[in-house]
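User: I'm new to reading protein models. Could you walk me through this one with a few questions and answers?

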Amino acid sequence: MKKFFLFFTALLAFNQQVQAHPHAFIGMRTTPLVEHDKLKGFSVQWLLDEASSAELLYDLQVVHNDPTAKQSIVDEMIKNTVSEHYFSYLYDKQGNRVKYTSQPANYDIKAVGNHILYHFDFFLSQPQTLVDNEFVLMIYDPTYYVSMYYDDKSAVDFSQLPANCHGDMVDQTVDEKTKQYAKSLDKTQREADFSLGKEFAQKVILQCQ
């Protein structure tokens with residue numbers, strides 16, 4: 001099997017014609033996971049764009065008769081994702097960042113046409129009460145080399161929330177100066193202080209009475 005690139009490394013190695021940030025695109029779906037009226041984690045699906053998927057699709061084709069080899073690919077992807085804190089940033093009502101465990105579940109990849117669909121569940125180190133609380137979740141690549149986005153509000157499933165909670169997805173308001181700065185970065189550059197991705201990150205907001 002040809003050498004497998006770690007998940008986001010593979011995303012950065014495509015399409016030499018693109019000049020402006022972002023260079024790769026991941027469509028997301030997210031579901032808050034609730035148990036006993038406490039937020040315990042999130043279930044996410046990431047659909048990679050066609051160019052970003054090409055390397056992984058090739059690897060899956062090579063190992064399609066070897067479940068052990070495929071699992072090795074999936075394990076490398078989730079290991080890399082965990083090391084980056086799932087590219088996910090959760091804050092509570094006081095603005096404190098909520099920590100996660102390093103033990104995800106239900107993770108796998110599969111081909112969907114010319115795309116790779118990557119999904120996994122990740123969990124909070126301590127489940128958080130959904131009474132008189134508020135949470136903001138942002139999922140993004142800090143460099144904005146990869147755009148991670150929701151197509152619309154329906155991409156977030158709030159069906160597990162209790163009746164005292166309301167969920168919403170909101171877009172960031174990005175000023176023109178920041179947009180032009182992102183466009184000015186070519187494929188060889190990285191944003192210096194790793195704050196650009198946060199400027200564009202959509203917010204999943206959970207508000208509970």
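**Aromatic rings and a helix**

Analyst: Sure, and keep in mind that this is a predicted model. To start us off, F120 and F122 are both buried.

User: How do the rings of F120 and F122 pair: stacked, tilted or edge-to-face?

Analyst: Their centres are 6.2 Å apart, and the planes make an angle of 40°. Planes under 30 degrees apart would count as stacked and over 60 as edge-to-face. So an angle of 40° fits neither, and the F120 and F122 pair is tilted.

User: How many aromatic pairs are there in the structure, and what kind is W46 with F120?

Analyst: The structure has 12 aromatic pairs. For W46 and F120, the ring centres sit 5.2 Å apart with the planes at 80°, so this pair is edge-to-face.

User: How many residues apart in sequence are the parts that the W46 and F120 pair ties together?

Analyst: Look at where each one sits: W46 is in strand 2 (residues 38–48), while F120 is in strand 5 (residues 115–129). Both W46 and F120 are buried, by the way. The pair therefore links parts of the chain whose separation in sequence is 74 residues.

User: Which residues form the aromatic cluster?

Analyst: F120 and F122 both belong to one aromatic cluster. Its full list is F42, W46, Y86, F87, Y100, Y118, F120 and F122.

User: What is the distance between the end C-alpha atoms of helix 3?

Analyst: Helix 3 covers residues 67–83, which makes 17 residues. At 1.5 Å a residue it should span 24 Å. The model agrees, because the end C-alpha atoms are apart by 24 Å.

User: Which residue just after helix 3 takes a positive phi?

Analyst: Move on just past the end of helix 3. The phi there is about 55°, and the residue is H85.

How values were computed
Residues numbered from 1 in each chain as written. Predicted model: local features only at pLDDT ≥ 70, side-chain atom pairs only at ≥ 80, totals over all residues. Heavy atoms only, no water. Helix = DSSP H or I, 4+ residues; strand = E, 2+ residues; numbered from the N terminus. Expected span 1.5 Å × (residues − 1). Phe/Tyr/Trp six-rings, centres within 6.5 Å; stacked < 30°, edge-to-face > 60°. Buried < 20%, exposed > 50% of the residue type's maximum accessible area, 1.4 Å probe, protein only.
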